[in-house]
Amino acid sequence: MQQYIDEAVSHYRDLLTRQLARAEALEQESPAVDFAGVDQVIIGACPGDGIGPIIFREALRVLKKLLADELAAGKVVIREIDGLTLEERLRCGKAIPDPVLEALRACHVILKGPTTTPGAGSGPSLESANVAMRRELDLFANMRPITVPKLGIDWAFFRENTEGEYVLGSQGIEVPGRLTMDFKVTTVAGTRRIAKAAFDYARANGKTRVAIVTKANIMKKTDGMFSAVCHQVARDYPGIQADEWYVDIMSANLINEAVRDQFQVFVLPNLYGDIITDEAAQLQGGVGTAGSANIGSRCAMFEAIHGSAPRMMEEGLGEYANPASILKAGEMLLRHIGRAAAADRLAAAMADLDREGRVVVTGNRDGATCRDYAEGLLAKLG
Ligand code: NAD
């Protein structure tokens with residue numbers, strides 16, 4: 001047993017040393033890209049796995065239509081990046097193959113289809129391509145909007161994207177047959193920047209409340225500090241109220257009709273943000289309707305909130321997958337690069353199509369196909 005303890009202490013020293021170096025690097029803030037000064041915006045396109053290439057193909061047709069003039073003038077380039085597939089990642093034994101990472105780094109923004117992560121016990125261990133991309137490109141703010149106008153729901157979730165359980169999730173300790181132990185890390189600088197992103201968004205969008213959601217009563221160090229830093233940041237935003245919530249009661253409140261329409265902006269550590277935004281997406285019509293932005297100061301990546309849906313593929317339902325998720329990600333991408341008019345056209349066309357109720361994607365054979373939905377949009381975009 002002593003041998004396990006010695007190995008664990010050495011492993012822990014190594015983790016702490018690397019995390020302290022990361023925390024120090026985070027303290028050097030880098031300014032965000034100003035797209036008004038970029039002559040040619042490079043959009044990287046990665047279709048992903050499973051239903052990814054199917055929904056991606058349709059989203060790309062719609063984006064190309066919206067950006068047709070700018071693509072023709074060379075003001076925007078869509079660069080298709082191959083190799084972010086499960087087969088290629090397994091072949092290289094890397095979450096993101098080196099040439100793919102190099103190609104991603106050369107883009108201003110990335111549109112990404114869902115990528116499969118093999119689960120424990122289902123073949124070779126591979127880190128999630130998403131987690132790796134968020135870390136490698138330092139995409140610290142995961143913004144997930146959820147709107148259901150008829151229920152009065154207009155929520156913006158700001159999930160911290162590079163810390164918490166995720167950064168150390170594959171580096172736990174095991175004493176075989178006895179116990180396992182995982183680690184969670186939260187830095188002051190990492191928390192401050194996600195809190196600022198949430199409060200900046202609130203201020204820019206006329207919102208008056210930000211809910212800070214943690215489990216600080218149990219995870220006293222990590223979540224306790226997350227909450228304290230968010231409250232400190234809040235002091236720089238007079239007129240915006242910072243409310244303290246625990247994630248368990250917040251999960252209940254999201255389905256409590258009496259209170260849920262009072263929430264506006266949420267800021268959460270990584271794991272709670274991951275879980276609670278799927279719950280929120282379900283209220284909007286399912287994960288197939290929700291897009292997400294992963295924003296860093298130099299680069300940003302936009303994607304559906306769901307995964308590669310292997311079960312749909314096994315059942316031959318891939319063509320019935322809803323492309324609304326990745327199209328909403330496309331809308332966020334357009335806004336991020338300063339193409340608000342194109343984003344508004346896309347949002348209006350999607351809202352129109354949904355209101356008409358002629359093309360309804362259910363994820364099943366009783367609904368429209370992904371292609372039908374894109375055709376409906378393309379017809380509206382003229
Ligand atoms: P999933 O999100 O892939 O699918 C769960 C279920 O949601 C599906 O069976 C389907 O019923 C429904 N669904 C998902 N997308 C839909 C769409 N566009 N239209 C209609 N219905 C849709 O979740 P999972 O099965 O837990 O994960 C599968 C794989 O995806 C795993 O390897 C996981 O690691 C990975 N994953 C990737 C990402 C990402 O790339 N961002 C996110 C989550 C999960």
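A nitrogen atom of the ligand sits 2.8 Å from a polar backbone atom of Asn322. Of the surface that the ligand exposes when taken alone, 820 Å², the protein buries 66%. Keep in mind as you look around that this is a predicted model.

Asn322 has company here: 19 residues surround the ligand, and the closest also include Thr117, Asn130, Gly307 and Ala309. By class, that shell holds eight nonpolar, nine polar and two charged residues. Three of the closest residues come up with a backbone atom facing the ligand, and the table sets their distances side by side.

| Residue | Atom of the protein | Atom of the ligand | Distance |
|---|---|---|---|
| Thr117 | polar backbone atom | oxygen | 2.8 Å |
| Ala309 | backbone N or O | oxygen | 2.7 Å |
| Asn322 | polar backbone atom | nitrogen | 2.8 Å |

Now let us step back to the whole chain. It is divided into domain 1, made of 32–139 and 296–382, and domain 2, made of 146–160 and 176–285. Each domain is thus written as two stretches of the chain. Their C-alpha centres lie 25 Å apart.

How do the two domains meet? On the side of domain 1, four residues are in contact with six residues of domain 2. The size of an interface is often given as the accessible area lost when the parts come together. Here the two domains bury about 330 Å² between them, with 30% of this area on carbon and sulfur atoms. Arg134, Asp138 and Ile305 stand out, since they supply 82% of the area that domain 1 buries against domain 2, more than any other three residues.

Asp138 deserves a second look. Its side chain meets that of Arg193 in a salt bridge, at 2.8 Å from N to O. The count of salt bridges between domain 1 and domain 2 is one. Sorted by class, the side of domain 1 that touches domain 2 has three charged residues, one nonpolar residue and no polar ones.

Conventions: Residues are numbered from 1 along each chain as its sequence is written. This is a predicted model: local features need pLDDT of at least 70, side-chain atom pairs count only at pLDDT 80 or more; totals for chains, interfaces and linings use all residues. Side-chain values use heavy atoms; hydrogens and water are left out. A residue is near a molecule or strand if one of its heavy atoms lies within 4 Å of it. A polar contact is a pair of N or O atoms within 3.5 Å; within protein, one must be able to donate a hydrogen and the other to accept it, and residues adjacent in sequence count only if both atoms are side-chain atoms. Accessible areas come from the Shrake-Rupley method with a 1.4 Å probe; for residues, only the protein chains shown count as cover. Ala, Val, Leu, Ile, Met, Phe, Trp, Tyr, Cys and Pro count as nonpolar, Asp, Glu, Lys and Arg as charged, and the others, Gly among them, as polar. Domain bounds come from an automatic or database domain assignment. Contact means heavy atoms within 4.5 Å. Buried area is the accessible area (1.4 Å probe) that two parts lose on being put together, summed over both. A salt bridge is a side-chain nitrogen of Lys or Arg within 4 Å of a carboxyl oxygen of Asp or Glu.
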